[in-house]
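User: Could you walk me through the strands and the core of this protein? I'm new to this, so please keep it simple.

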Amino acid sequence: MDEEIYRAIKAIAARRGVPVYRVVNEALSLYVNLHCGLTTETEEGANNRVYESLLRDPRYRGKWVAIARGRLIAVADTWEEAVQKMRDFVRRERVAHGVVVRVGEEAERVKIFSSSLEML
């Protein structure tokens, strides 16, 4: 690997607080998707897809859920419990977009945390 490129990747990883291999894997994944003509789903899009799938499952109706990184992080009975689980997740991993929402609620009551996840 080119030394200059490696230093740049290492700096990106340090700023994001993730291991170098994660940045390399993401870069390779993007390259493969671009090369093969596939579209890359955004983190927000992945989170929304997960939420929409929960709407079809009656087990989650009325429950508070925390969603990040395109996966269900937690299911809770209260807003406070769901937010705490999201906080715990944010402490372990850096995320760009996360959602804490009561499944089946009207859109205007959905709570979305984006760039301010650190403030949870």
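Here are some questions and answers on this structure, which is a predicted model.

User: Let's start with strand β1. How many of its residues are buried?

Analyst: β1 covers residues 64–68. To count as buried, a residue needs under 20% relative accessible area. The strand is mostly covered, and the number of its 5 residues that are buried is 5.

User: Which residues point one way from β1, and which the other way?

Analyst: Here's the general idea: in a regular strand the side chains alternate between the two faces of the sheet. In β1, W64, A66 and A68 point one way. Pointing the other way are V65 and I67.

User: Which residue in β2 stands opposite I67?

Analyst: β2 spans residues 71–76, and 5 bridges join this strand to β1. The two run antiparallel. In β2, the residue opposite I67 is L72.

User: And which residue in β3 is the bridge partner of V65?

Analyst: β3 takes in residues 98–102 and pairs with β1 in the antiparallel sense, over 5 bridges. β3 is mostly covered too, with 4 of its 5 residues buried. Its bridge partner for V65 is V101.

User: What is the phi of R69, in the turn of the hairpin?

Analyst: β1 and β2 form a hairpin with 2 residues between them, and R69 is found in that loop. Most residues other than glycine have a negative phi. R69 isn't a glycine, yet its phi is positive, at about 55°.

User: Is R69 buried or partly exposed?

Analyst: Buried means under 20% relative accessible area, and exposed means over 50%. R69 has a relative accessible area of 25%, so this residue is partly exposed.

User: Which element gives the most residues to the largest nonpolar core?

Analyst: Nonpolar side chains tend to be buried together in soluble globular proteins. The largest core here has 12 residues, including W64, A74, F89 and V100. Two or more residues each come from β1, β2 and α4 (79–92). The top contributor, with 5 residues, is α4.

User: How many residues are in the other core?

Analyst: This core lies apart from the largest one. Among its members are V50, Y60, V99 and V103. Its residue count is 9.

Note on methods:
Residues are numbered from 1 along each chain as its sequence is written. This is a predicted model: local features need pLDDT of at least 70, side-chain atom pairs count only at pLDDT 80 or more; totals for chains, interfaces and linings use all residues. Side-chain values use heavy atoms; hydrogens and water are left out. Buried means under 20% relative accessible area, exposed over 50%, partly exposed in between (1.4 Å probe, protein chains only). Two strands pair if DSSP finds at least two bridges between them. A nonpolar core is a set of buried Ala, Val, Leu, Ile, Met, Phe, Trp, Tyr and Cys residues joined through side-chain atoms within 4.5 Å.
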